[in-house]
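Got the model open in your viewer? Here is a walk through it, one selection at a time.

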Amino acid sequence: MERKKALITGITGQDGGYLAELLEGKGYEVFGLKRRVALEDQSARRSFSGTAIPCDITNYGSVTAALLKVMPNEVYHLAAQSDVAYSFKDPFQTLDVNIQGTTNVLEAIRHNKPDAKFYFAGSSEMFGNVLEEPQTEKTPFNPRSPYGISKAAGFFLTKNYREAYNLFACSGILFNHESPRRGKEFVTRKITDAIAKIKAGEQNFVTLGNLDTKRDWGFSKDYVEAMWLMLQQDKPDDYVIATNESHTLEEFLSEAFSHVGLNWKDHVRTDPSFIRPSDVITLRGDYTKAHTKLGWEPKIKFKELVRMMVESDLERLQKR
Ligand code: NDP
Ligand code: GDP
């Protein structure tokens with residue numbers, strides 16, 4: 001039997017790496033779009049054993065060429081400007097990559113490989129200033145950042161291509177998910193990276209913004225499995241992927257610092273420059289639909305996730 005082909009945009013990111021490994025393990029031939037970045041730190045970008053295709057998703061010609069080259073069975077569209085704080089600083093680039101980029105991928109599929117199954121990386125940031133607790137697939141969106149707005153647009157584009165052109169197009173509404181591979185601009189990894197450096201005597205403090213925030217934090221490796229499951233169903237649909245647990249940032253700090261015998265209050269400073277013009281205060285996702293229809297549930301919960309990330313950063317620093 002011929003191997004299934006998967007095309008992943010955003011393969012060099014956190015989720016792209018785990019997803020490529022999952023699909024390779026299932027026997028897929030994996031292709032990933034990789035753009036050139038100046039002065040790139042290779043260690044921060046995931047390497048993978050599949051075929052890399054040079055492509056910036058903001059260019060329709062390049063996206064079409066990549067699609068024609070691979071003619072994939074499944075497309076996982078993960079590429080995005082994914083940093084919420086940065087989306088306030090450069091909304092133009094965020095909207096370009098996240099909305100235009102998504103339109104490019106959908107149009108390329110519609111015109112060239114309409115039977116390819118499509119996954120869109122939607123986000124709990126679309127719920128923004130939440131209108132109900134916990135959030136489900138039926139909760140209205142109320143985004144609070146250019147990033148959240150761009151993801152809501154991507155979600156509705158995906159739904160529209162499903163309804164208008166009959167594409168097998170799904171959105172995952174994924175709540176925050178972390179791992180030792182999470183970018184250091186996100187608060188969890190910023191903290192665990194700092195803890196390792198504090199233990200090594202390289203610094204004494206980590207400087208953060210709004211501590212008064214709650215998130216539903218899960219493990220990236222669990223979440224990429226849900227992406228794959230969505231594309232194995234008979235019908236395309238949208239699913240919340242979460243843990244249904246919400247923890248404060250202070251709980252994260254407490255768990256992470258106490259794991260190495262430190263009190264977070266001795267090592268955390270705040271700086272208003274890290275506070276966003278408008279922030280999402282609380283998130284908690286109800287994954288009942290994913291559990292019922294996909295048989296999915298999170299395996300790694302909060303405490304294990306925090307410890308895994310702290311241990312990994314300690315180990316990384318020791319190896320250096
Ligand atoms: P990352 O930021 O780790 O990865 C983003 C990826 O997108 C990178 O591979 C990056 O490539 C690529 N990319 C960005 N701009 C372009 C471009 N113009 N052309 C081509 N590639 C580009 O994100 P994650 O892996 O954490 O997340 C994956 C997806 O899921 C994203 O869409 C994110 O917004 C979404 N999401 C993530 C959540 C999370 O908690 N992690 C929660 C909900 C949604 P490069 O290496 O070149 O920068
Ligand atoms: P997000 O939920 O996708 O925005 O993920 P982040 O990890 O970037 O932020 C999670 C929450 O932590 C948000 O409410 C931020 O305002 C808050 N936060 C507090 N201090 C920081 C910080 O120094 N960096 C980041 N990235 N977030 C911070």
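Start by selecting N244, which sits in the loop between β11 and β12 (247-248). Helices and strands here are DSSP runs numbered from the N terminus, with H or I over at least four residues for a helix and E over at least two for a strand. N244 is not a glycine, yet its phi is positive, at about 65°. With a relative accessible area of 28%, N244 is partly exposed; the scale calls a residue buried under 20% relative accessible area, exposed over 50%, and partly exposed in between (1.4 Å probe, protein chains only).

Some housekeeping before the next click: this is a predicted model, where local features need pLDDT of at least 70 and side-chain atom pairs count only at pLDDT 80 or more, while totals for chains, interfaces and linings use all residues. Residues are numbered from 1 along each chain as its sequence is written, chains are lettered from A and ligands numbered from 1 in the order in which they are written, and side-chain values use heavy atoms, with hydrogens and water left out.

Now jump to M71, in the loop between α2 (60-70) and β4 (74-77). M71 is another non-glycine with a positive phi, about 45°, and it counts as partly exposed at 33% relative accessibility. Then pick E133 and P134: the peptide bond joining them is cis, with omega at about -10°. P134 belongs to the loop between β5 (117-123) and α5. As background, most residues other than glycine have a negative phi, and most peptide bonds are trans.

Next, F168, in the loop between α5 (146-165) and β6 (169-174). Is F168 buried or exposed? Buried, at 13% relative accessibility. Show its neighbours and, leaving out residues up to four places away in sequence, you get A116, K117, F118, M230, L231, Q233, D234, K235 and P236; contact means heavy atoms within 4.5 Å. For a distance check, draw a line from the C-alpha of F168 to that of V63: 19 Å, for two residues 105 apart along the chain.

**Salt bridges**

Time for charged pairs. The count is 21 salt bridges, using a rule that wants a side-chain nitrogen of Lys or Arg within 4 Å of a carboxyl oxygen of Asp or Glu.

- Select D238 and R162, whose side chains form a salt bridge at 3.0 Å, N to O. D238 is in the loop between α7 and β11 (239-241) and R162 is in helix α5, so this pair ties together parts 76 residues apart in sequence. Both D238 and R162 are buried.
- Go next door in sequence to D237, which makes a salt bridge with K289 (3.1 Å, N to O). Because D237 is in the loop between α7 and β11 and K289 in helix α9 (residues 288-294), the bridge ties together parts 52 residues apart in sequence. D237 counts as partly exposed, at 23% relative accessibility.
- Then take R316 and D193, bridged at 2.7 Å, N to O. R316 is in helix α10 (residues 302-319) and D193 in helix α6 (residues 187-199), so here the parts tied together are 123 residues apart in sequence. R316 is partly exposed at 32%, whereas D193 is buried at 7%.

Keep that last pair on screen and add K184, R189, K197 and D313: salt bridges with shared partners join these and D193 and R316 into one network.

**Where the domains meet**

Finally, colour by domain. Domain 1 is 5-177 + 217-241 and domain 2 is 184-216 + 246-283 + 300-318, with bounds from an automatic or database domain assignment. Their centres, over C-alpha atoms, are 27 Å apart. Across the boundary, 20 residues of domain 1 are in contact with 21 of domain 2.

How much area do domain 1 and domain 2 bury between them? About 1,900 Å², 62% of it on carbon and sulfur atoms; buried area is the accessible area (1.4 Å probe) that two parts lose on being put together, summed over both. On the domain 1 side, highlight R144, W217 and F219, which lose the most area to domain 2, together 43% of what that side buries.

The rule finds one salt bridge across this interface. For a last selection, try E125 and R215, which form a salt bridge with closest N and O atoms 3.6 Å apart. Among the elements on the side of domain 1 that touches domain 2, α3 (84-89) gives the most, with three residues. By class, that side has nine nonpolar, six polar and five charged residues, where Ala, Val, Leu, Ile, Met, Phe, Trp, Tyr, Cys and Pro count as nonpolar, Asp, Glu, Lys and Arg as charged, and the others, Gly among them, as polar.
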